[in-house]
Amino acid sequence: MSTPYQAKRLLNLPEFSSEQFERFRRLLQEKSGVFFDENKLNVMGAAVRERMATLELNDYNTYYRLLSEPTTTLNANNPGETPAPSSSHEMRRLVEELVVNETSFFRNREHYRALSQEVLPRLFRRKAKERRLRIWSAGCSTGQEPYSLAIAVIEALQANGQLFSSWQIEIIASDISERALQTAQAGRYRTDELRGLDDAQAQRYFRPLTAPNVATAPLDPAQIYQPGQPHTLRHRPRISYEVIPAIRNLIKFSFLNLTEPNYPPDKFSNFDLVLCENVTIYFAPETTRQVIDKLYATMNEGAFFFIGYSETLWQVSERFKLINTQDTFYYQKPFPNEIPSRYLRRQPSTGPLSAPADSARLSATEPPPGATASEILAEAIQRHRKTDPSLKLPALQRQEEKEKEKEKENKSVPDKDKPSQPTSGRKEAARSWQTQLSEGRQRMAQHDFERALTALESALQAGPHEVEVLCALAELKLKLGHYAAALELCREAILLNRLSEPAHLMTAMIFHKERRIEEAIREYKNTIYINSNAVIAYMRLADIYRDTGHQRDALREYKRALSVLEQKGPDEMIEDLSVGLLIQACRQNITRLSPRPPRQA
């Protein structure tokens with residue numbers, strides 16, 4: 001975190017140009033495997049400038065040499081000073097600034113439900129003789145995931161009537177961030193960081209620790225900092241919780257860059273379960289394929305594999321078997337006589353498939369070779385539906401009803417009399433929903449919500465699969481306070497286009513309003529990943545961090561928002577707010593959250 005002096009130096013640094021971005025981007029991918037596309041220029045520039053300010057550098061070439069040349073020394077003229085950081089150490093620090101993973105206990109609840117009710121019981125039966133289970137948390141961040149896995153294993157053993165002491169459980173937890181690993185190894189968390197645990201789990205697996213009183217800046221957003229006036233400090237006991245030794249002893253933490261050519265075989269091999277969630281989103285496609293192949297090699301036959309909700313193995317690896325149970329998706333390394341498929345819908349198998357009856361129960365639903373885009377889309381939407389057929393998404397219902405009506409019409413009309421749909425008819429249909437969409441947006445801007453609703457519902461009827469229509473109607477529902485309806489529309493839009501920025505942003509805002517903080521953080525980050533200039537996402541994410549006491553994270557996000565805003569005109573409007581007003585809000589929050597220099601004696 002920059003001191004006030006460093007912040008001043010930071011503002012005086014030269015502009016981080018597109019040429020500089022290209023140089024640092026190539027170096028980061030080469031050294032760490034992390035890949036950034038062109039819209040991450042501002043994010044990378046802010047991180048590079050932050051690190052340069054910390055090291056008191058004002059020349060990009062010097063910092064580049066430090067990252068790329070291990071022999072570079074920053075203080076050659078002052079041998080008495082603290083030794084300069086090594087290339088590998090500083091590269092890790094820069095990556096830590098760029099890749100910030102929000103985590104929590106039992107994140108992705110559906111995954112843990114599948115683990116507890118499907119995966120772990122099957123592993124227990126398969127490993128009943130040797131009673132040994134090896135698990136890998138690849139990209140463990142600050143430790144919540146491996147500790148959650150340990151708790152899940154203990155509780156699943158008890159639920160299956162087995163003694164935890166009779167099993168040898170090994171959990172390897174790795175990460176590229178040394179800072180995150182230090183937190184994970186300490187196993188100490190603040191009260192707000194225990195989210196995801198129920199009261200019984202918190203009491204059973206953690207013990208409270210009370211540290212001395214600490215002074216914190218006021219985080220009430222209603223308070224406005226007045227220049228020239230001192231900060232008001234409040235003192236409160238800082239209560240934290242420590243993981244009990246029985247849980248901590250199950251886990252071995254280790255530094256590992258997943259893009260390394262080879263993993264140490266004595267530590268990273270023979271796994272029965274691997275979690276690598278929200279890690280490959282930072283890799284280029286080819287790097288992701290290489291990492292997935294190496295992860296595959298570390299697994300036993302029949303091992304299970306979980307990745308994040310925003311990740312996929314589509315066009316990455318065809319070696320895994322896709323499983324759909326407990327309202328979620330995960331993967332299994334096939335046994336020798338199993339054929340993996342991207343489209344297999346099946347229960348996980350406990351052991352090799354040997355009997356024909358077993359094979360008959362497993363139905364493949366691969367699309368035919370000539371499947372159209374709409375058929376593949378229908379398959380994708382179908383995969384996201386609830387297991388209860390009555391809980392169909394409205395978009396899919398409309399599609400099915402339209403197809404049924406069309407089928408009835410075709411059956412009632414002789415082939416020779418069936419009219420062909422001319423190109424002009426399709427264009428007219430497109431103009432219909434676009435015209436209604438334009439009118440709906442105009443009415444919404446005029447706060448004529450009743451007529452806006454009429455127009456947008458007509459647009460939805462004419463274009464039921466148009467992401468723009470779904471997002472516009474979701475925005476209107478959000479303005480009217482109909483959060484459930486808005487959320488459903490956003491979900492449909494995301495199913496049709498995973499990179500729909502407005503759908504992710506509105507989803508985040510709904511979660512934020514409903515105090516579903518973890519989910520809100522995830523969706524704000526998804527929005528930023530899609531568009532690194534998403535000012536509102538940066539600021540709202542910063543608000544969450546500020547209000548939950550994560551001062552350093554809040555400061556970082558406000559700075560990133562300010563970096564984007566300063567490239568715009570002060571009268572430009574964003575979400576009905578002027579850029580000038582947003583800049584003022586960012587600067588006030590940065591001033592309030594920045595550490596103050598110590599008073600002179």
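A residue counts as buried when its relative accessible area is under 20%. The exercises below apply this cut-off to a predicted model.

**Exercise 1. The chain as a whole**

Task: State how many helices and strands the protein chain has, and what share of its residues is buried.

Solution.
- Step 1. Take the elements: the protein chain has 23 helices and 12 strands.
- Step 2. Take burial: of the 601 residues, 46% are buried.
- Step 3. Take the surface: about 30500 Å² is exposed, and carbon and sulfur atoms supply 50% of it.
- Step 4. Take the contacts with a separation of 6 or more: residues 24 or more positions apart account for 69% of them.

**Exercise 2. The open sheet**

Task: Work out the strand order of the 7-stranded open sheet and find its edge strands.

Solution.
- Step 1. Trace the order: β6-β2-β1-β7-β8-β10-β9. The pairing is mixed.
- Step 2. Look for strands that pair on one side only. These are β6 (251-255) and β9 (321-325), the edge strands.
- Step 3. Check the twist. Neighbouring strands are turned by 25° against each other on average, with direction ignored.

**Exercise 3. Both partners of β10**

Task: Describe how β10 is joined to β8 and to β9, and decide whether β10 is enclosed or open.

Solution.
- Step 1. Start with β8 (residues 299-307). It runs antiparallel to β10 (residues 328-332), and 2 bridges join them. Across this pairing, F305 stands opposite Y331.
- Step 2. Turn to β9. It also runs antiparallel to β10, here with 5 bridges. I323 stands opposite Y330.
- Step 3. Inspect the connection. β9 and β10 form a hairpin with 2 residues between them. In the turn, Q326 has a positive phi of about 55°.
- Step 4. Apply the burial cut-off. In β10, 4 of the 5 residues are buried, so the strand is largely enclosed by the rest of the structure.

**Exercise 4. Helices on the sheet**

Task: Identify the strands that helices α6 and α7 touch or lie across, and give the helix directions.

Solution.
- Step 1. Place α6 (residues 109-126). It lies across β1 (132-138), β7 (271-276), β8, β9 and β10. Its direction is at about 170° to β8.
- Step 2. Place α7 (residues 144-159). It packs on the sheet and touches β1, β2 (168-175), β6 and β7. Its direction makes about 155° with that of β1.

**Exercise 5. Two aromatic pairs**

Task: Classify the pairs F105–Y189 and F306–Y330, and say which parts each one ties together.

Solution.
- Step 1. Set the scene: the whole structure holds 19 aromatic pairs.
- Step 2. Classify F105 and Y189. Their centres are 5.2 Å apart and their planes 80° apart, an edge-to-face pair.
- Step 3. Locate them. F105 is in the loop between α5 (87-98) and α6, and Y189 is in strand β3 (residues 188-190), so the pair ties together parts 84 residues apart in sequence.
- Step 4. Check burial. F105 has a relative accessible area of 0% and is buried. Y189 is buried too, at 1%.
- Step 5. Classify F306 and Y330. With 4.7 Å centre to centre and 10° between the planes, the pair is stacked.
- Step 6. Locate them. F306 belongs to β8 and Y330 to β10, so this pair links parts 24 residues apart in sequence.
- Step 7. Check burial. F306 is buried at 0% relative accessibility, and Y330 is buried at 0%.

**Exercise 6. Rings in a cluster, rings under a charge**

Task: Name the members of one aromatic cluster, then find which rings R134 and K333 lie over.

Solution.
- Step 1. List the cluster: F16, F24, Y60, Y63 and Y64.
- Step 2. Take R134. It lies over the face of F271, 4.7 Å from the ring centre.
- Step 3. Take K333. Its charged end sits over the ring of Y296, at 4.4 Å from the centre.

**Exercise 7. The setting of H550**

Task: Locate H550, decide whether it is buried or exposed, and list the residues it touches beyond four places in sequence.

Solution.
- Step 1. Find its place: the loop between α21 (535-547) and α22 (551-565).
- Step 2. Compare its 15% relative accessibility with the cut-off of 20%. H550 therefore counts as buried.
- Step 3. List the contacts: H550 touches R190, D192, E193 and Y545, leaving out residues up to four places away in sequence.

Key: Residues numbered from 1 in each chain as written. Predicted model: local features only at pLDDT ≥ 70, side-chain atom pairs only at ≥ 80, totals over all residues. Heavy atoms only, no water. Pairing = 2+ DSSP bridges. Axes fitted to C-alpha atoms, helices over the stretch in contact; angles between N-to-C directions. Contact = heavy atoms within 4.5 Å. Phe/Tyr/Trp six-rings, centres within 6.5 Å; stacked < 30°, edge-to-face > 60°. Buried < 20%, exposed > 50% of the residue type's maximum accessible area, 1.4 Å probe, protein only. Lys NZ or Arg CZ within 6 Å of the ring centre and 35° of its normal. Areas by Shrake-Rupley, 256 points an atom, 1.4 Å probe, with all protein chains shown as cover.
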